Amino acid sequence: MGANAAAADEPVSARDLLVSTHVRLAFEQDVTRVAVADPEVVTFEPINDLEGLVLGKAPGRTTVLVWFAAGSVQKLLFHVQRDFSLLEAALLALHESITVRAAPDRDAVVLQGVVPDVRTANAAEALAQRYLDARTGGSSRAAAQRATS
């Protein structure tokens, strides 16, 4: 068990996934077992012994452990986030330097960029907050890193 346990504990790179999207996983060995650390973030649905689908359900990070018939274990890390393409387009129309990214530790967005004045910064923050309120019923927050020129 020592070698297999060590393989599952090795650092892995995160796979990005949007909420309500699937990613197909193909394996070279038969899968015998799968465990999802947080099934509220992703689910795993086997297709056959060599393939499965991972569905992004909610923003967050979680791991999926995959056991193979040969005895090895693979650890997969998933980072699920919302699709911010509509918000990004609206912020770009407001000012070209404003970018948006998901907060790594909560269901929130982080706005970054250098804008010409406080009015533009306030408008960007208000736009992001309205977007989040419409999607989540007011449970998310927009955080703006203020920098004006």
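## Sheet and nonpolar cores

Strands S1 and S7 run parallel and are joined by five bridges. This description rests on a predicted model. Within the S1–S7 pairing, alanine 14 lies opposite leucine 77 of S7.

Both strands belong to an open, four-stranded sheet of mixed pairing, ordered S1-S7-S6-S3. Strands S1 and S3 form its edges, each pairing on one side only. On average, neighbouring strands in this sheet are turned by 30° against each other, direction ignored.

The largest nonpolar core has 15 residues, and those touching the most other members are Leu25, Phe27, Val42, Val54, Val66, Leu76 and Phe78. At least two residues of this core come from each of the strands tabulated here.

| Strand | Residues |
|---|---|
| S4 | 42–48 |
| S6 | 60–68 |
| S7 | 73–81 |

Beyond residues up to four places away in sequence, leucine 76 touches Val12, Arg15, Leu25, Phe27, Thr62, Thr63, Val64 and Val66.

Apart from this core lies another, of 14 residues, which includes Leu91, Ile98, Val109 and Leu132. Leucine 91 is located in helix H2, residues 85–94. Is leucine 91 buried or exposed? Leucine 91 counts as buried because its relative accessible area is 0%, against a cut-off of under 20%. In soluble globular proteins, nonpolar side chains tend to be buried together. With neighbours within four places in sequence set aside, the contacts of leucine 91 are Ile98, Val100, Leu111, Ala124 and Leu127. Leucine 91 and alanine 123, 32 residues apart in sequence, have a C-alpha to C-alpha separation of 9.2 Å.

Technical notes. Residues are numbered from 1 along each chain as its sequence is written. This is a predicted model: local features need pLDDT of at least 70, side-chain atom pairs count only at pLDDT 80 or more; totals for chains, interfaces and linings use all residues. Side-chain values use heavy atoms; hydrogens and water are left out. A nonpolar core is a set of buried Ala, Val, Leu, Ile, Met, Phe, Trp, Tyr and Cys residues joined through side-chain atoms within 4.5 Å. Buried means under 20% relative accessible area, exposed over 50%, partly exposed in between (1.4 Å probe, protein chains only). Contact means heavy atoms within 4.5 Å. Two strands pair if DSSP finds at least two bridges between them. Axes are lines fitted to C-alpha atoms, for helices over the stretch in contact, and angles run from 0 to 180 degrees between N-to-C directions.
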